[in-house]
Amino acid sequence: MIKNERQSVLGSYSSEDVIFLLKDLSAADLEKSTAERELAIQQGIHYSEMLPVEYQPTREYLQLFDESLDTYKQKVAIAAGAVCELVMEEKGRNIVFVSLARAGTPIGILMKRYAQKAHGWTIPHYSVSIIRGRGIDENALLYILDQHPGKRLVFIDGWTGKGAISKELARSVRLFEERHGRVLDDELAVLADPGHCSSLFGTREDFLIPSACLNSTVSGLVSRTVLNDNWIKGSDFHGAKVYKELAEQDVSNQYIDVITAEFEAALPLIQQAKAELQQMDRTPTWKGLQSIETIQREFGIQDTNLIKPGAGETTRVLLRRIPWKILVKDKSDSRLKHIFQLAKERNVPVEEYKNMSYTCCGLIKPMETDQ
């Protein structure tokens, strides 16, 4: 049985907003340079065994974050409220929010705040690690089930790209049932579903979710999650670092507060969005994968892991990978100003490419290896 003292408050979010079920690895030396990390990943070392060096945004880029937050705060509020409404109606009141660290964490907080503000529901919210190719943190799930017997877990993420995490979650839930005899709901609720991989979403528009613009400084100062045998033992939660040294640049709570402040005025729009979502066919079609297959063929890319579609994933490519080029559906799309800014800073070519369902797509440079 996992004891209660394993719950600890990590990062800069309030424990009333979220509890991270992660082992604190702040003292561990896990960062690799972008080039070292890229080469290691392409040589077969799993990305979860190391961390990228945190991107320190320029003044111009931070200004773009502020502008994007101002531009999209209502849109994010409507989408967060709408997906929360769907979840509450379809899953019932006896639920626990389980966001997937780290992109899911601010979305889970927004949904928790919306449920409280609009309906007076107090929904427990935890953030746990899921890692592509290695699964979800089963120790964390067992802990939540122990703390909240009889409650239904609702998994939350920020957005979909190719749907890799949706598939990883479904696989993990099957394995969890086999190992522990506990049946979980593998439906993933997301703010935005441009990949058409989910049936629970606030929008399918591929727009910039401002929390995708930054790393730990918009995610409670928490790093990406880590699963490295040198640091994580059998009974441990997956790990993460807390970058306390970046506290002065931290906008995590500012971001949440700005969106939360939009909920009241947006309530009629949220109800309208909910009604529209309820009337549409939300069955996942995995439409985004068709775009990926076309891009892979036309650009001669062997590994689909080097193709990162959508505004959120393209941003991540520019922040912590070695981009080859950026594809955009429309070079005059003002929603992609932060993409153009990052590409300019990193000297990455941007090409217009119409034949995709996403607004943009990041292509990672294949590294020369000795293999």
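**Close-ups of the core and of helix α3**

**View 1. The largest nonpolar core and its best-connected members.** In this predicted model, the largest nonpolar core counts 106 residues, and Leu21, Phe97, Ile144, Leu153, Phe155 and Tyr255 are the ones that touch the most other members. The biggest share comes from helix α2 (residues 59-91), which puts in 15 residues. There's also a second, separate core of 14 residues, with Ile301, Ile307, Met356 and Tyr358 among them.

**View 2. Around Phe97.** Skip the neighbours within four places in sequence, and Phe97 is still in contact with Cys84, Val87, Gly108, Met111, Lys112, Ile123, Pro124, His125, Tyr126, Val154 and Ile156.

**View 3. Helix α3 against helix α6.** Here α3 (residues 104-119) packs on α6 (residues 252-260) at about 40 degrees, with 10 Å between the axes. That angle falls outside the parallel, antiparallel and perpendicular ranges, so the pair is oblique. The crossing of α3 past α6 is right-handed. On the α3 side the contact uses Pro106, Ile109, Leu110, Arg113 and Lys117, while α6 brings Tyr255, Ile256, Asp257, Ile259 and Thr260. Sorted by class, that's 6 nonpolar, 1 polar and 3 charged residues. Tyr255 turns up again from View 1, as one of the core residues that touch the most other members.

**View 4. Helix α3 against helix α7.** With α7 (residues 263-279), α3 packs at an angle of about 90 degrees, and the axes are 12 Å apart. The two helices are therefore roughly perpendicular. Leu110, Arg113, Tyr114, Lys117 and Ala118 of α3 meet Phe263, Leu267, Ile270 and Gln271 of α7. By class, this contact has 6 nonpolar, 1 polar and 2 charged residues.

Terms used
Residues are numbered from 1 along each chain as its sequence is written. This is a predicted model: local features need pLDDT of at least 70, side-chain atom pairs count only at pLDDT 80 or more; totals for chains, interfaces and linings use all residues. Side-chain values use heavy atoms; hydrogens and water are left out. Axes are lines fitted to C-alpha atoms, for helices over the stretch in contact, and angles run from 0 to 180 degrees between N-to-C directions. Helices (H or I, at least four residues) and strands (E, at least two) are DSSP runs, numbered from the N terminus. Angles under 35 degrees count as roughly parallel, over 145 as roughly antiparallel, 65 to 115 as roughly perpendicular and the rest as oblique. A crossing is left-handed if the near helix is turned anticlockwise from the far one by less than a right angle, and right-handed if clockwise. Contact means heavy atoms within 4.5 Å. Ala, Val, Leu, Ile, Met, Phe, Trp, Tyr, Cys and Pro count as nonpolar, Asp, Glu, Lys and Arg as charged, and the others, Gly among them, as polar. A nonpolar core is a set of buried Ala, Val, Leu, Ile, Met, Phe, Trp, Tyr and Cys residues joined through side-chain atoms within 4.5 Å. Buried means under 20% relative accessible area, exposed over 50%, partly exposed in between (1.4 Å probe, protein chains only).
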